[in-house]
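Colleague: Could you take me through one part of this model slowly, the sheet, strand by strand? I'd like to hear how the pairing goes and then what sits around it.

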Amino acid sequence: MLIRPQDAARDDDEWRAFLLRHDFGQIIASGVGRPSPVIVPAHFIYDGDTTISLHLARVNPLWAALAENPIAVLAVIGAYTFIPGPWNTNESDGVDYGVPTSYYASVQATGTCEIVDEPEALATLLSAQMAHFQPEGGHSPVTPGDTPYGRRLPAIRGLRLTVTEVRAKFKFGGNKPAAQRAAIAEKLAARGQGLDAEARELLLRRMDEKTPQ
């Protein structure tokens, strides 16, 4: 992923906040000697520090790739939106010369994966996920043994990824003057489609960065 200086995360807190807010991505394991990596979409939870946890079906092909090589990447994308050419026109050019672009946030967290199979540990991991995604409850306790969830635990495996490297990109017109970025923010508010509101929020949050004169 190409990351220009104006698109880099301002600090670790920025990409951490993004991962805490976005809990669905793709985990990618290259394995060894494969013609292509194994890529699996999945919900996950992030502890705000270095640990990402999730679970998958025991028959998922990701496990074989991780047995060959425990290093994986979790890729998460959000706040993506299309910026039309006329919005992106430099002040010295006519609107017909505007170059369209994409705004988006992307975090790629690389780390070593630990597989969780022990029933108590797996139940703890699944309980944490349920607390995050279904905090209102409405489910049986996640406990091993002859219980509704316990009988299903053998069908899944847990995964903990310990983050060792992060590549984060927040592409929101950081190469444009502040006035132009503010104008784009207002156009996003007026259009109000898809993820425009989230893109606008991140654009405005980064407006205090140094911009071209």
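Modeller: Let's start with a single pair: Ile45 stands opposite Ser53, a residue of S4. Keep in mind throughout that this is a predicted model. The Ile45 pair belongs to the ladder between S3 and S4, where 2 bridges hold an antiparallel pairing. S3 and S4 make a hairpin with 4 residues between them, and in the turn Gly48 has a positive phi of about 85°. Asp47 also sits in the loop that links S3 and S4. Asp47 counts as partly exposed, because its relative accessibility is 46%, which falls between the 20% and 50% cut-offs. For a sense of distance, the C-alpha of Asp47 is 19 Å from that of Arg157, a residue 110 places away along the chain.

Now step across to the other partner of S4. S4 and S7 are antiparallel and share 7 bridges. If you want a pair to click on there, take Thr51, which faces Thr162 in S7.

From S7 we move on to S6. S7 covers residues 156-171, and 13 bridges connect it to S6 in the antiparallel sense. Within that ladder, Val107 has Ala168 of S7 as its bridge partner. S6 covers residues 101-116 and also pairs with S5, residues 71-83, again antiparallel, this time over 11 bridges. Leu74 and Ala109 of S6 stand opposite each other in that pairing.

Thr110 is a good place to pause, and it belongs to S6. Is Thr110 buried or exposed? Thr110 is buried, because its relative accessible area is 18% and the cut-off for buried is under 20%. Setting aside neighbours within four places in sequence, its contacts include Ile71, Ala72 and Val73. The list for Thr110 also has a run from Leu161 through Thr162, Val163 and Thr164 to Glu165. Ile71, Ala72 and Val73 lie within the residue range of S5, while Leu161 to Glu165 lie within that of S7.

S5 has an oddity of its own. Ala79 is in S5, and although Ala79 is not a glycine, its phi is positive, at about 55°. Ala79 counts as buried, since its relative accessibility is 0%.

On the other side of S5 comes S1. S1, residues 24-29, pairs with S5 over 4 bridges, in the antiparallel sense. Ile28 faces Val73 of S5 in that ladder. Beyond S1, the loop between S1 and S2 holds Gly33. With a relative accessible area of 79%, Gly33 is exposed, because the cut-off for exposed is over 50%. The C-alpha atoms of Gly33 and Ala65 lie 9.9 Å apart, though the two residues are separated by 32 places along the chain.

Put together, the order across the sheet reads S2-S1-S5-S6-S7-S4-S3: 7 strands, an open sheet, antiparallel pairing. The edges are S2 (38-43) and S3 (45-46), each of which pairs on one side only.

Next, the helices that lie against the sheet. H1, residues 12-21, lies across S3, S4 (51-57), S5, S6 and S7, and runs at about 135° to S7. H3, residues 119-133, packs on the sheet too, touching S2, S3, S4, S6 and S7, with its direction at about 50° to that of S7.

S6 and S7 turn up once more at the largest pocket, as the elements that give two or more residues to its lining. That pocket has a volume of about 170 Å³. Its lining has 13 residues, and those nearest the centre are Gln6, Thr101, Lys171, Gly173 and Asn175. By class, the lining is made up of 6 polar, 5 charged and 2 nonpolar residues.

Stepping back to the whole chain, there are 5 helices alongside the 7 strands. From the N terminus, the elements go α-β-β-β-β-α-β-β-α-β-α-α. Of the 213 residues, 41% are buried. Among contacts with a separation of 6 or more, 75% join residues 24 or more positions apart. The C-alpha trace spans about 70 × 45 × 25 Å along its principal axes.

Notes. Residues are numbered from 1 along each chain as its sequence is written. This is a predicted model: local features need pLDDT of at least 70, side-chain atom pairs count only at pLDDT 80 or more; totals for chains, interfaces and linings use all residues. Side-chain values use heavy atoms; hydrogens and water are left out. Two strands pair if DSSP finds at least two bridges between them. Buried means under 20% relative accessible area, exposed over 50%, partly exposed in between (1.4 Å probe, protein chains only). Contact means heavy atoms within 4.5 Å. Axes are lines fitted to C-alpha atoms, for helices over the stretch in contact, and angles run from 0 to 180 degrees between N-to-C directions. On a 1 Å grid over the protein atoms alone, a cavity is a set of points where a 1.4 Å probe fits but cannot get out, and a pocket is an open set with protein on both sides within 12 Å along at least five of seven lines; lining residues have an atom within 4 Å of a point. Grid points are joined across faces, edges and corners, and a volume is the space filled by probe spheres set on the points. Ala, Val, Leu, Ile, Met, Phe, Trp, Tyr, Cys and Pro count as nonpolar, Asp, Glu, Lys and Arg as charged, and the others, Gly among them, as polar.
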